[in-house]
Amino acid sequence: MTNYILKEGDSSLAPILVLHSTGGDEHQLVPLAEELFPNHPFLSIRGRISEQGINRYFKLKGPGFTKENFDLVSLEKEAQWLTKEVERLGQHYQLNLSKLNVIGYSNGANMALYMQLKGLFKFEKILAFHAMQLTEVGRPVLSDESKVFLTHADNDPIVSRENLEDLSTDLEKTKCQLEIFKTKFGHQLSDEEISAAKKWLAK
């Protein structure tokens with residue numbers, strides 16, 4: 001069974017997909033979605049992987065959030081599952097998925113960008129808080145008109161500056177409209193980056 005929250009909102013506005021961080025759930029980012037996209041319909045889906053009671057969108061091979069520990073078979077399988085669930089629930093609730101935007105934090109941001117770069121789903125706007133490159137994508141699939149807002153802190157204990165550069169390179173290959181906001185609060189979701197996201201959305 002898929003755990004999710006659906007807020008109907010104004011059907012004339014773009015729907016929002018909400019993807020939580022490691023250890024979060026479908027409730028975690030609801031206040032953020034409501035703050036950034038008031039009155040929009042949104043769909044918040046919990047990752048179906050649970051490792052020692054910790055919710056995730058894909059499995060790890062071992063301890064630590066490094067490329068060596070990411071289970072790429074699980075990543076691909078769960079990305080396919082999430083794509084189908086978004087399509088299924090979107091059809092059920094009559095959401096206009098052609099205009100779908102996504103908010104992701106950490107593990108959720110990683111999954112959102114992977115889905116887009118792999119061409120599994122096309123998001124109109126992506127807000128990726130503290131995302132990292134999970135694996136080299138090769139030939140990314142991302143439409144030129146897509147807009148990506150990415151946040152990073154140089155003192156982030158999980159996402160290194162080098163990893164951010166690798167991810168940025170993947171995104172720049174697609175010629176999407178990329179904006180990177182630098183913060184100073186490690187891997188935390190900070191008020192300053194939320195304010196920056198609001199300004200980015202208002203452009």
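This section describes the sheet, the packed helices, the enclosed elements and the cavity of a predicted model.

The sheet is open and is formed by seven strands, with mixed pairing and the order 1-3-2-6-7-8-9. Its edges are strand 1 (4-7) and strand 9 (177-183), each of which pairs on one side only. On average, neighbouring strands are turned by 15° against each other, direction ignored. Strands of a sheet pair through backbone hydrogen bonds, and the pairing may be parallel or antiparallel. For strand 2 (residues 16-19) and strand 3 (residues 42-45), the pairing is in the parallel sense and covers three bridges. Within this pair, Leu17 has Leu43 of strand 3 as its bridge partner. Strand 2 also pairs with strand 6, in the parallel sense and over four bridges; here Leu19 is matched with Gly104 of strand 6. Strand 6 and strand 7 are likewise joined by four bridges in the parallel sense, and Gly104 stands opposite Ala128 in strand 7. Gly104 of strand 6 thus appears as bridge partner of Leu19 and opposite Ala128.

Strand 6 (residues 101-105) is largely enclosed by the rest of the structure, because five of its five residues are buried. In a regular strand the side chains alternate between the two faces of the sheet. In strand 6 both faces are covered, with Asn101, Ile103 and Tyr105 buried on one side and Val102 and Gly104 buried on the other.

Two helices were examined for their packing against the strands. Helix 4 (residues 161-173) packs on the sheet and touches strand 8 (147-153) and strand 9. The direction of helix 4 makes about 170° with that of strand 8. Helix 5 (residues 191-202) lies across strand 7 (125-129), strand 8 and strand 9, and runs at about 170° to strand 7.

Helix 3 is largely enclosed by the rest of the structure, because 11 of its 11 residues are buried. An α-helix has 3.6 residues a turn, so residues three or four places apart point the same way. The buried residues of helix 3 include Asn107, Ala109, Asn110, Met111, Leu113, Tyr114, Gln116 and Leu117. After helix 3 comes Gly119, which has a positive phi near 75°.

Helix 3 also contributes to an internal space. Rolling a probe the size of a water molecule over the atoms shows where empty space is left. A search of the whole structure finds one cavity of 30 Å³ or more, and the largest cavity holds about 70 Å³ of space. Its lining consists of Asn110, Leu113, Tyr114, Leu117, Met132, Gln133, Leu134, Thr135, Val137, Leu167 and Asp170. Helix 3 (107-117) and helix 4 are the elements that give two or more residues to this lining. The largest share, four residues, comes from helix 3. By residue class, the lining of the largest cavity divides into seven nonpolar, three polar and one charged.

A loop residue was also considered. Gly64 is found in the loop between strand 5 (54-56) and helix 2 (72-92). The relative accessible area of Gly64 is 34%, so this residue counts as partly exposed, a class that lies between the cut-offs of 20% for buried and 50% for exposed. The C-alpha atoms of Gly64 and Ile158 are separated by 8.5 Å, although these residues are 94 residues apart along the chain.

Methods:
Residues are numbered from 1 along each chain as its sequence is written. This is a predicted model: local features need pLDDT of at least 70, side-chain atom pairs count only at pLDDT 80 or more; totals for chains, interfaces and linings use all residues. Side-chain values use heavy atoms; hydrogens and water are left out. Two strands pair if DSSP finds at least two bridges between them. Axes are lines fitted to C-alpha atoms, for helices over the stretch in contact, and angles run from 0 to 180 degrees between N-to-C directions. Contact means heavy atoms within 4.5 Å. On a 1 Å grid over the protein atoms alone, a cavity is a set of points where a 1.4 Å probe fits but cannot get out, and a pocket is an open set with protein on both sides within 12 Å along at least five of seven lines; lining residues have an atom within 4 Å of a point. Grid points are joined across faces, edges and corners, and a volume is the space filled by probe spheres set on the points. Ala, Val, Leu, Ile, Met, Phe, Trp, Tyr, Cys and Pro count as nonpolar, Asp, Glu, Lys and Arg as charged, and the others, Gly among them, as polar. Buried means under 20% relative accessible area, exposed over 50%, partly exposed in between (1.4 Å probe, protein chains only).
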